[in-house]
Amino acid sequence: MKLDMIFDAVAQNPIFENKFILQTNHTPEVIPHREAQIEQVASILAPALRGDRTSNLFVYGKTGSGKTLSVQYVQHELLKRAQSMQVPLRVEYINCKLKKVADTEYRILAEMVKKLGGEVPATGLPTDQIYNRFIDFVEKEKKTVIFILDEIDQAVKKMSDNFLYNLTRLNSELVKSQISFVGISNDLTFIDQLDVRVRSSLSEEEIIFPPYNALQIQDILKERAGKAFKPQVVGEGVIAKCAALAAREHGDARRALDLLRIAGELAEREGKKHIEEEHLDKANEKMENEKILDVISTEPKQFQIVLSSIIQLLESKKLQKVYTGDIYNIYQEFCQATRNEILTQRRVSDIIAEFDMLGVLNATVISHGRHGRTREIRLNIPKHLLGKVKEILRDSVGM
DNA sequence: AGGTATTCACATGAAACTATTCTCTGAGTTAGG
DNA sequence: TAACTCAGAGAATAGTTTCATGTGAATACCTGT
């Protein structure tokens with residue numbers, strides 16, 4: 001039977017030994033080139049083992065520079081130690097970027113209560129009640145609590161920074177217990193945008209994670225590839241190339257690992273026994289493509305209509321750049337034709353800005369002098385994907 | 001010619017509104033004693 | 001009378017609208033030569 005052959009081939013699996021190792025949520029036991037930072041984090045948080053309040057800590061670094069990994073590593077070690085020493089210590093990790101989980105003041109607070117074992121409804125309560133509930137939970141018994149707030153820059157962007165101020169002041173309302181915070185941010189300028197009071201109390205300590213260079217990424221890749229793949233599957237050249245590709249993207253180790261994993265999957269699918277450099281190229285391309293297609297297909301309807309309008313305009317006029325006003329005109333016709341609500345120009349302007357953020361478009365504000373100011377918009381979708389993109393748009397909004 | 005002042009066509013910001021989802025509260029209803 | 005139901009008030013949130021203000025430089029408009 002043919003299927004059996006396919007299954008057998010996958011079961012034998014000449015490529016992967018343990019693919020999980022390359023997955024981004026895997027925590028390795030060695031974290032190369034981050035020893036110094038890990039030690040710093042540990043020494044700052046260590047007083048918690050004595051039951052003292054630790055300084056609030058702020059950790060910066062670009063994506064894929066090992067921040068989260070290192071902090072979580074320290075978290076686990078700390079908890080292990082606390083358990084053996086019988087210290088009432090809680091260290092909880094919250095990712096503030098997760099939509100619908102912890103991306104607003106209310107939800108972060110609710111998440112904090114949940115981590116401590118409480119139940120909070122998803123909505124319906126006033127925020128200050130959640131504060132009270134949180135305090136109750138922390139005060140129920142004497143303990144030290146450390147919250148790790150990953151990607152707080154994302155959350156604070158959405159709300160006012162007096163949320164952070166409230167957090168740092170919570171301590172003054174506590175009698176028995178103590179809490180402190182570890183903030184993690186990708187945005188190096190984040191702390192500068194904060195209110196001075198918040199800044200000084202939230203970042204009593206700061207640690208910066210520099211991006212990895214190509215050699216360090218190589219080490220990381222070797223380390224993990226050794227365990228993830230069967231022997232002899234990846235050559236020296238492949239690792240080097242993979243590291244080089246990722247180093248170009250500001251030393252993002254996560255990307256390097258993804259790349260290697262996808263290259264491995266491609267090789268596996270082709271029934272090869274080794275990963276070649278061409279697999280990396282294909283993997284690289286595949287990642288780019290999937291990112292764009294995924295973004296576009298998951299975007300809400302109005303976004304897709306706007307994008308359709310832009311593509312239509314570009315194609316019908318054979319232009320490579322268009323302006324907001326023209327887009328809005330086409331957009332209105334489009335909405336009428338497809339019996340959709342017409343949004344204001346203000347909103348469409350924001351939608352375009354969001355597409356720009358996502359990298360689907362390239363929009364620059366330029367001034368045409370007497371003829372006003374507008375965005376000059378170019379499509380940032382590779383030609384070979386345009387067909388697929390149009391297909392997606394046609395299916396969902398009828399382009 | 002050279003220097004200002006206008007002016008366009010949006011950008012950008014803030015606040016307010018809307019619909020939806022959810023909790024909590026208290027009045028009214030029901031069923032059992 | 002205790003338990004139950006159900007409507008209404010109040011919150012949070014996402015997506016928008018409304019109102020207000022900002023802005024870079026090509027042009028129109030002066031100016032004095």
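## A strand covered on both faces

Let's start inside the protein, with strand β3: on one side Thr144, Ile146, Ile148 and Asp150 are buried, and on the other Val145, Phe147 and Leu149 are buried too, so both faces are covered. Buried here means under 20% relative accessible area, exposed means over 50%, and partly exposed lies in between, using a 1.4 Å probe and protein chains only. Seven of the seven residues of β3 fall in the buried class. Helices (H or I, at least four residues) and strands (E, at least two) are DSSP runs, numbered from the N terminus.

β3 has partners to pair with. It joins β2 in the parallel sense through seven bridges, and Val91 has Ile146 as its bridge partner in β3. β3 also pairs with β4, again parallel and over seven bridges; there, Val145 is matched with Ile179 of β4. Two strands are said to pair if DSSP finds at least two bridges between them.

## How to read the model

This is a predicted model, in which local features need pLDDT of at least 70 and side-chain atom pairs count only at pLDDT 80 or more, while totals for chains, interfaces and linings use all residues; side-chain values use heavy atoms, with hydrogens and water left out. Residues are numbered from 1 along each chain as its sequence is written, and chains are lettered from A and ligands numbered from 1 in the order in which they are written.

## Domains of chain A

Chain A divides into domain 1 (2–23 + 212–293), domain 2 (35–208) and domain 3 (299–397). These bounds come from an automatic or database domain assignment. The centres of domain 2 and domain 3, taken over C-alpha atoms, are 40 Å apart.

## Around DNA strand C

DNA strand C has 23 residues around it, and Thr104, Arg107, Thr127, Thr344 and Arg373 come nearest. Sugar and phosphate make up 71% of the strand C atoms that come within 4 Å of the protein. A residue is near a strand if one of its heavy atoms lies within 4 Å of it.

Now for the polar contacts, meaning pairs of N or O atoms within 3.5 Å. The side chain of Arg107 places an N or O atom 2.7 Å from a phosphate oxygen of DNA strand C, and the side chain of Thr127 places one 2.5 Å from a phosphate oxygen of that strand. Ser367 reaches a base instead: a side-chain N or O atom is 2.8 Å from a base nitrogen of DNA strand C. Two elements, α4 (105–115) and α15 (345–358), give two or more residues to this surface.

## Helix α4 and its cover

Which residues of α4 are buried? They are Tyr106, Ile108, Leu109, Ala110, Glu111, Met112 and Val113. Their cover includes β2 (89–95), α5 (127–139), β3 (144–150), α6 (152–158), α7 (162–173) and β4 (178–185), where contact means heavy atoms within 4.5 Å. Just after α4, Gly117 takes a positive phi of about 100 degrees.

## Around DNA strand B

DNA strand B is surrounded by 18 residues, with Thr324, Arg346, Arg370, Gly372 and Arg375 the closest. Of the strand B atoms within 4 Å of the protein, 70% belong to sugar or phosphate and the rest to bases.

Several contacts involve bases. A polar side-chain atom of Arg346 lies 2.7 Å from a base nitrogen of DNA strand B. Gly372 uses a backbone N or O atom, 2.9 Å from a base oxygen of DNA strand B, and a polar backbone atom of Arg373 is 3.1 Å from a base nitrogen of that strand. The elements giving two or more residues to this surface are α14 (324–337), α15 and β8 (373–379).

## The sheet with β8

β8 sits in an open sheet of three strands in the order β6-β8-β7, with antiparallel pairing. β6 (322–323) and β7 (361–367) are the edge strands, each pairing on one side only. Seven bridges link β7 and β8, and Thr364 has Glu376 as its bridge partner in β8.

## Two residues to look up

His279 belongs to helix α12 (residues 277–298) and is buried, with a relative accessible area of 0%. Leaving out residues up to four places away in sequence, His279 touches Ala263, Leu266, Ala267, Glu270, Lys272 and His274.

Gln345, in helix α15, counts as partly exposed at 40% relative accessibility. Gln345 and Tyr328 are 17 residues apart in sequence and 6.6 Å apart in space, C-alpha to C-alpha.

Notes:
Polar contact = N/O pair within 3.5 Å; in protein donor to acceptor, adjacent residues only side chain to side chain.
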